[in-house]
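I set out to look up how the ligand is held and what is unusual in the backbone. My entries follow the display.

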Amino acid sequence: LRIVGFLGGTFDPVHFGHLRIGLEIKNVLALDELHFVPCAKPPHKSGVMASAEHRSRMLELAIENIPGFALDTRELDRQGLSYSIDTLKSIREEYGDATSICWIVGSDSFQSLDTWHQWEQLFDFAHIVVACRPGWKPDVESAVGQQLSRRIVNEPSQLKQTACGLILPWQVTQLAISATAIREMVAKDFSPRFLLPDAVRDFIELNKLYRQ
Ligand code: ATP
């Protein structure tokens, strides 16, 4: 099957933690494409600071000239909250059944997957790749842990054999970079340089983002 990946988030702002997991997962799964999917209105987060337009413009700048990286703005074109299940349905419709679709999440987000809208249906549309740290073990008692034990695979090549329904935990280089910390730095007039691409830093400065 053809195999494509999607990395959703608020990207407020995008930083090297996001880009690095994107690249590592793209390489290990030999993804044909990796799409960054900024959410318009995250159901789980309040206090998103930059506008959807600014957040997607920063993504655009961050992935410019990176082969195979793309921006997917479908959540911005929809009204209301950005539920991943709606996004995956729409992606599946676009790509058809003969494509393996991988939804990439950090292990922190994965742990609370059962709070996502219609979370058990996510597997009808995509695989989930959990970008985790070495030694990561989910709580097996939880509903999420039970889905994990039913669906877990350890071999990346398995995701190419079927279109959806599996979970692959994959160790990625840990970069302790957080968008929250970057926003706080900028608010205090400390430079976020070397935590994110220079073009994104310049954009933040030019548009006076995160200055409160
Ligand atoms: P905040 O600090 O504001 O919570 P964030 O960068 O953690 O921001 P998102 O932009 O929503 O939040 O993250 C998108 C995805 O990237 C999530 O699945 C998250 O788990 C993952 N992620 C974010 N930062 C890192 C990092 N430094 N290393 C690995 N994964 C990360």
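The entries below cover the ligand first and one loop afterwards.

**Basis.** I worked from a predicted model, in which local features need pLDDT of at least 70, side-chain atom pairs count only at pLDDT 80 or more, and totals for chains, interfaces and linings use all residues. Residues are numbered from 1 along each chain as its sequence is written, and side-chain values use heavy atoms, with hydrogens and water left out.

**Ligand shell.** I looked up the residues around the ligand and found 19, of which His-18, Asp-108, Leu-175, Ile-177 and Thr-180 come nearest. A residue counts as near if one of its heavy atoms lies within 4 Å of the molecule. I sorted the shell by class and obtained 6 nonpolar, 10 polar and 3 charged residues. In this scheme Ala, Val, Leu, Ile, Met, Phe, Trp, Tyr, Cys and Pro are nonpolar, Asp, Glu, Lys and Arg are charged, and the others, Gly among them, are polar.

**Polar contacts.** I then searched for polar contacts to the ligand, that is, pairs of N or O atoms within 3.5 Å. A polar side-chain atom of Asp-108 lies 2.7 Å from a ligand oxygen atom. A polar backbone atom of Ile-177 is 2.9 Å from a ligand nitrogen atom. A backbone N or O atom of Thr-10 lies 3.0 Å from a ligand oxygen atom. The ligand has 610 Å² of accessible area on its own, and the protein covers 84% of this (Shrake-Rupley method, 1.4 Å probe).

**Loop between β1 and α1.** I checked the backbone here, with helices (H or I, at least four residues) and strands (E, at least two) taken as DSSP runs numbered from the N terminus. Most residues other than glycine have a negative phi, and most peptide bonds are trans. Phe-11 lies in this loop, and its phi is near 50°, a positive value. Pro-13 is also in the loop, and the peptide bond from Asp-12 to Pro-13 is cis, with omega near 5°.

Definitions and conventions
Polar contact = N/O pair within 3.5 Å; in protein donor to acceptor, adjacent residues only side chain to side chain.
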